[in-house]
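This report looks at how parts of one protein chain meet, and then at its cysteines. Please keep the structure in view while reading.

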Amino acid sequence: MEQKVTISAVRNISKQILIHVGVSPEHTEIIVDSIVYAHQSGKGTHGLGRLPLYVKKIQAGFMAAETSTDLVKDTPVLAVMDAKNGFGQVAATKAMDLCINKANYYGIGLVGVRRSNNFGTASFITEQAAAKGMIGIVLGNSGPAIAPTGGSHPLFGTNPLGIAFPNPVGEFPISLDMATSVVARGKVRQAAKSNEKIPFGWALDGNGQPTCDPFQALEGSMIPIGDHKGYGLSLAIDILAGLLTGSAFGGDVHPLGDMSANSNYGHLCMTINVDFFMTIDEWSQKIAYLVSSIKSCGDPEKIRIHGESSHRSIRNSKEYVLVKNRVINDIESSASSLGIEVRWT
């Protein structure tokens with residue numbers, strides 16, 4: 001079951017909780033923006049439901065409330081950032097800002113982030129670059145959820161991949177936001193909390209067999225997209241976002257819900273300045289032609305450009321979003337433990 005919750009309530013409740021546990025007002029704004037974006041764009045599994053986990057992880061001493069980043073290395077086009085176990089949304093936003101600044105001068109910017117946490121939705125990060133007329137790319141590794149093809153023990157995360165392309169004459173950027181599994185693992189956790197079955201084809205149990213039981217799925221592994229191709233993509237992202245950046249990799253990333261250790265997620269952010277390849281007018285004409293060509297392949301209403309569904313959802317969710325009852329209950333319980341009175345209206 002779900003309830004309508006106003007955007008203002010989502011913002012106010014999130015701010016109260018985050019500031020109470022020591023997050024600065026500046027960083028709170030970034031995190032709250034990411035939570036609202038997740039719900040408005042139809043990716044609610046990356047939204048309010050994670051607030052209680054943030055609170056617990058901070059209280060357990062394995063996540064920093066303040067994301068005070070350091071640059072371990074900084075060159076004209078490349079940098080390595082230490083997030084010091086802070087919020088992934090804040091660290092990735094800082095990294096993307098730095099990429100944009102570098103690409104303004106040199107056409108490209110690349111920043112690796114180590115010792116971080118989950119950054120929420122990939123498109124929240126990449127579309128920051130698209131809004132500046134640049135191509136934004138982000139890769140992230142995560143806790144073990146996918147087994148190598150032929151194996152049954154999960155080793156790689158559902159490692160998010162985001163690429164956003166500026167679309168100056170369109171209503172929204174072309175924005176790919178995907179996990180390397182058939183579905184995001186958050187949907188399985190959501191089903192488990194709601195005691196609902198999951199479709200066959202989403203996950204395998206601990207013995208490597210297909211299952212519709214979300215609890216068995218969480219004990220097993222997620223099915224990668226395209227079988228060995230999805231496994232290969234997970235491996236590549238683990239190397240680029242994890243091993244290369246100096247973060248955990250090869251099954252050593254601790255999920256956000258693990259309250260016994262720092263997560264040590266890694267991110268790799270990149271921007272490409274379109275203006276170094278062609279004028280923005282030429283880019284706009286070519287992108288418009290590409291979109292038109294795609295839409296002409298059939299019924300334009302049935303053919304969606306990546307990012308179109310999410311931005312339609314955002315356009316239709318200006319005032320309120322739907323939030324699952326069990327998420328509301330978790331938020332109220334977490335807020336109550338902090339002495340915060342929750343008001344949903």
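## Polar pairs between two domains

Between domain 1 and domain 3 there are zero residue pairs in polar contact, counting pairs with both residues at pLDDT 80 or more; a polar contact is a pair of N or O atoms within 3.5 Å, where within protein one must be able to donate a hydrogen and the other to accept it, and residues adjacent in sequence count only if both atoms are side-chain atoms. The side of domain 1 that touches domain 3 has no nonpolar, one polar and three charged residues, where Asp, Glu, Lys and Arg count as charged, Ala, Val, Leu, Ile, Met, Phe, Trp, Tyr, Cys and Pro as nonpolar, and the others, Gly among them, as polar.

The model is predicted, so local features need pLDDT of at least 70 and side-chain atom pairs pLDDT 80 or more, while totals for chains, interfaces and linings use all residues. Residues are numbered from 1 along each chain as its sequence is written, and side-chain values use heavy atoms, leaving out hydrogens and water.

## The contact area

Domain 1 covers 1-60 + 319-344 and domain 3 covers 182-223, with bounds from an automatic or database domain assignment. Together they bury about 520 Å², meaning the accessible area (1.4 Å probe) lost when two parts are put together, summed over both. Thr45, Lys324 and Arg326 supply 78% of the area that domain 1 buries against domain 3.

## Cysteines

The count of disulfides (cysteine sulfur atoms within 2.5 Å) is zero. Cysteine 99 is in no disulfide, and the nearest cysteine sulfur, that of cysteine 269, is 5.5 Å away.
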